[in-house]
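User: Please take me through the assignments in this model and set each value against its definition.

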Amino acid sequence: NESLLRCFCSEEEEQRIIAWNKENGHARSDIFEFRLEEADKLRAQGNEFFNSGDFETARQRYYGAIWHLDFDIGQQWNLMDKHQLDLNTRKLKVISNICAAYLKAEDWVNTKKAADIGVRHMEKGELTDDEAKGKFHYRKGFANLQRGFAEDAYASLKQAESFAPGDKQIRKMLKEAAEHQKADREKAKEVWRSKLLTEEEKSC
């Protein structure tokens, strides 16, 4: 899907976001610099809502910013390398904001989804930002741990640690994930053992 916005939302929601932008003085320009400027404004508004704890409205502003940054393949083909990098870097910041908004709202499924989109965007755009990559893997690991997927959480947190060695919060969460993993394995062993026991053994 070449539309980044559609990676996050349905066609119906996308249309609502476009309509809101047009009705509120944020129509999409044909000029590259104007679109980036508009995306920056919406992202700044989103950050204000985020800081006040209104994560839902913050996310809607971030989605609006994404709409302005969504150039189709034909348009991107004509961009110079420095403009493409500028565009990809801005997209990265907004994706990170969306991921953080989902995390703060404790929407673990969408936190993981946004983190995955972030990592894919970095790989596709060949962006080398270890701090950003580490954040995405950390948030994905944290979200998986909250959902009870200790093994997946541990794998993501190990990746996060490789981008931010020695980070105290990552190490703390890794320890927690390892403990959950151990408990899950013990539980699985008990279930298996219980299945192997005969009815007679169970009664003893």
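**Values and definitions**

Analyst: Leu-87 is buried, at a relative accessible area of 0%. The model is predicted, so local features need pLDDT of at least 70 and side-chain atom pairs count only at pLDDT 80 or more, while totals for chains, interfaces and linings use all residues. Residues are numbered from 1 along each chain as its sequence is written, and side-chain values use heavy atoms, with hydrogens and water left out.

User: Why is Leu-87 called buried?

Analyst: Buried means under 20% relative accessible area, exposed over 50%, and partly exposed in between (1.4 Å probe, protein chains only). Leu-87 has 0% and therefore counts as buried. Leu-87 belongs to helix α6; its C-alpha lies 7.6 Å from that of Leu-36, although 51 residues separate the two in sequence.

User: What makes Cys-7 partly exposed, and which class does Cys-99 fall into?

Analyst: The relative accessible area of Cys-7 is 23%, so Cys-7 is partly exposed. Cys-99, at 0%, is buried.

User: How do you know that Cys-7 has no disulfide partner?

Analyst: A disulfide is a pair of cysteine sulfur atoms within 2.5 Å. The closest cysteine sulfur to that of Cys-7 is in Cys-9, 9.3 Å away, which is too far for a bond. The count for the structure is zero disulfides.

User: Why is the contact of Arg-90 and Asp-86 called a salt bridge?

Analyst: A salt bridge is a side-chain nitrogen of Lys or Arg within 4 Å of a carboxyl oxygen of Asp or Glu. Between Arg-90 and Asp-86 the N to O distance is 2.7 Å. Both residues lie in helix α6, four residues apart, about one turn of the helix. Asp-86 is partly exposed, with a relative accessible area of 32%. Together with Asp-40, these two residues are linked in a network of salt bridges.

User: What makes Glu-161 and Lys-158 a salt bridge, and where do they lie?

Analyst: Their closest N and O atoms are 3.5 Å apart, and the pair forms a salt bridge. Glu-161 and Lys-158 are three residues apart in helix α9 (residues 150–163), so about one helical turn separates them. An α-helix has 3.6 residues a turn, so residues three or four places apart point the same way. Lys-158 is partly exposed, at 40% relative accessibility.

User: Which parts of the chain does the salt bridge of Lys-140 and Asp-116 link?

Analyst: The N to O distance in this salt bridge is 2.9 Å. The pair links distant parts of the chain, with Lys-140 in helix α8 and Asp-116 in helix α7 (residues 108–124), 24 residues apart. The structure holds eight salt bridges.

User: How do you know that the span of α6 agrees with its number of residues?

Analyst: Helices are DSSP runs (H or I, at least four residues), numbered from the N terminus. The expected span is 1.5 Å times one less than the number of residues. For the 24 residues of α6 the expected span is 34 Å, and the end C-alpha atoms are 35 Å apart, which agrees. Just after α6, Glu-106 has a positive phi of about 60°.

User: Which element gives the most residues to the lining of the second largest pocket?

Analyst: Helix α6 gives the most, with six residues. By class, the lining has seven nonpolar, five polar and six charged residues. In this count Ala, Val, Leu, Ile, Met, Phe, Trp, Tyr, Cys and Pro are nonpolar, Asp, Glu, Lys and Arg are charged, and the others, Gly among them, are polar.

Conventions: Helix = DSSP H or I, 4+ residues; strand = E, 2+ residues; numbered from the N terminus.
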